[in-house]
Amino acid sequence: MADETSPDLNNPALQPNGEDTSPAIGLISQYVKDLSFENPNAPAVYQWQEAPQVDVQFNIAADSVGDNLYEVTLKIDVTSKTEQGTSFVIDLKYAGLFGVRNVPDDQLQPFFLAEAPRILFPFARRVVADAVQDGGFPPLLLEPIDFHGLFMQQVQATQAETAGEVTVGQA
């Protein structure tokens with residue numbers, strides 16, 4: 001008969017002295033780090049009838065800002081142009097501060113470049129839509145982005161380049 005009152009030392013949920021050693025990542029705060037909206041051709045732009053071409057560029061950065069603290073920044077650049085000129089330009093840096101505990105280093109990059117931007121994007125999208133609307137244009141709703149898919153494409157491209165370099169060096 002097993003003694004049911006003895007502690008299970010193999011269960012990570014039951015650690016001595018309340019110590020929690022399970023991996024965890026949490027969003028501490030999110031914020032607009034930098035926002036610029038330019039409307040260089042106002043008020044003439046409001047008379048233009050042509051539909052604009054909208055170019056959207058994204059960039060993701062992750063930086064350590066303290067002990068177990070990381071800032072992930074989603075940079076979004078939007079340019080709207082017609083043949084008559086630039087309608088508007090938006091530069092946004094939207095960031096999140098993440099606390100990390102007991103996460104292996106090889107798992108940080110996938111989180112910071114795929115999952116963290118997925119968490120931050122809906123809020124950054126709202127900031128862009130509001131800025132465009134406040135500039136006198138219809139709100140610009142950015143299409144959802146598959147950050148995980150983009151990250152996997154980047155990993156595969158890097159692996160293909162590395163494999164190509166190794167193959168070239170062999171005789």
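K33 counts as partly exposed, at 47% relative accessibility, and its side chain meets that of E71 in a salt bridge with an N to O distance of 2.7 Å. E71, by contrast, counts as buried, because its relative accessibility is 8% and the cut-off for buried is under 20%. The model described here is a predicted one, and its chain has two helices and four strands, which follow the pattern β-β-β-β-α-α when read along the sequence. Of the 171 residues of the chain, 27% count as buried, and residues 24 or more positions apart account for 68% of the contacts with a separation of 6 or more.

**Salt bridges**

- Side chains of opposite charge can pair when their charged atoms come close.
- The count of salt bridges comes to four, and the one between K33 and E71 links distant parts of the chain, since K33 lies in strand β1 (residues 24-38) and E71 lies in strand β3, 38 residues apart.
- Another salt bridge joins the side chains of D77 and K75, again with 2.7 Å from N to O; D77 counts as partly exposed at 22% relative accessibility, and K75 is partly exposed as well, with a relative accessible area of 24%.
- R118 forms a salt bridge with E115, and the closest N and O atoms of this pair are 2.4 Å apart.
- R118 and E115 both belong to helix α1, where they are three residues apart, or about one turn of the helix.
- R118 has a relative accessible area of 46% and is therefore partly exposed, and E115 is partly exposed too, with a value of 29%.

**Helix α1 and what follows it**

- Helix α1 covers residues 105-134, and because each residue is expected to add 1.5 Å, its 30 residues should span 44 Å; the C-alpha atoms at its ends are 42 Å apart, which agrees with that expectation.
- The helix is nevertheless bent, by about 45 degrees, at F111.
- Just after α1, G136 takes a positive phi of about 100 degrees.

**Aromatic pairs**

- A pair of aromatic rings is described by the distance of the centres and the angle of the planes.
- A search of the whole structure finds eight aromatic pairs, and among them are the rings of Y70 and F112, whose centres are 4.9 Å apart and whose planes stand at 40 degrees, so the pair counts as tilted.
- This pair links distant parts of the chain, with Y70 in strand β3 (residues 69-82) and F112 in helix α1, 42 residues apart.
- F112 is buried, with a relative accessible area of 5%.
- The rings of F88 and F137 also form a tilted pair, because their centres are 5.0 Å apart and their planes are at 50 degrees.
- F88 lies in strand β4 (residues 85-101), whereas F137 lies in the loop between α1 and α2 (147-169), so that the pair links parts of the chain that are 49 residues apart.
- Both F88 and F137 are buried, and ring pairs link these two residues with F37 and Y46 into a cluster.

**The nonpolar core**

- In soluble globular proteins, nonpolar side chains tend to be buried together.
- The largest nonpolar core has 29 residues, of which I76, I90, L92, F112 and V128 touch the most other members.
- The elements that give two or more residues to this core are β3, β4 and α1, and the largest share, eleven residues, comes from α1.
- Leaving aside its neighbours within four places in sequence, V128 is in contact with I76, I90, L92, L140 and L142.

**Backbone features in the loops**

- A cis peptide bond, with omega at about 0 degrees, joins A42 and P43, and P43 lies in the loop between β1 and β2 (53-66).
- N68, in the loop between β2 and β3, has a phi near 60 degrees, which is a positive value in a residue other than glycine; N68 is partly exposed, with a relative accessible area of 46%.
- N102, placed in the loop between β4 and α1, likewise has a positive phi, near 55 degrees, and is a residue other than glycine; N102 counts as partly exposed at 42% relative accessibility.

Key
Residues numbered from 1 in each chain as written. Predicted model: local features only at pLDDT ≥ 70, side-chain atom pairs only at ≥ 80, totals over all residues. Heavy atoms only, no water. Expected span 1.5 Å × (residues − 1). Bend = angle between axes of the 7 residues up to and from the residue. Phe/Tyr/Trp six-rings, centres within 6.5 Å; stacked < 30°, edge-to-face > 60°. Buried < 20%, exposed > 50% of the residue type's maximum accessible area, 1.4 Å probe, protein only. Core = buried A, V, L, I, M, F, W, Y, C linked by side-chain atoms within 4.5 Å. Contact = heavy atoms within 4.5 Å.
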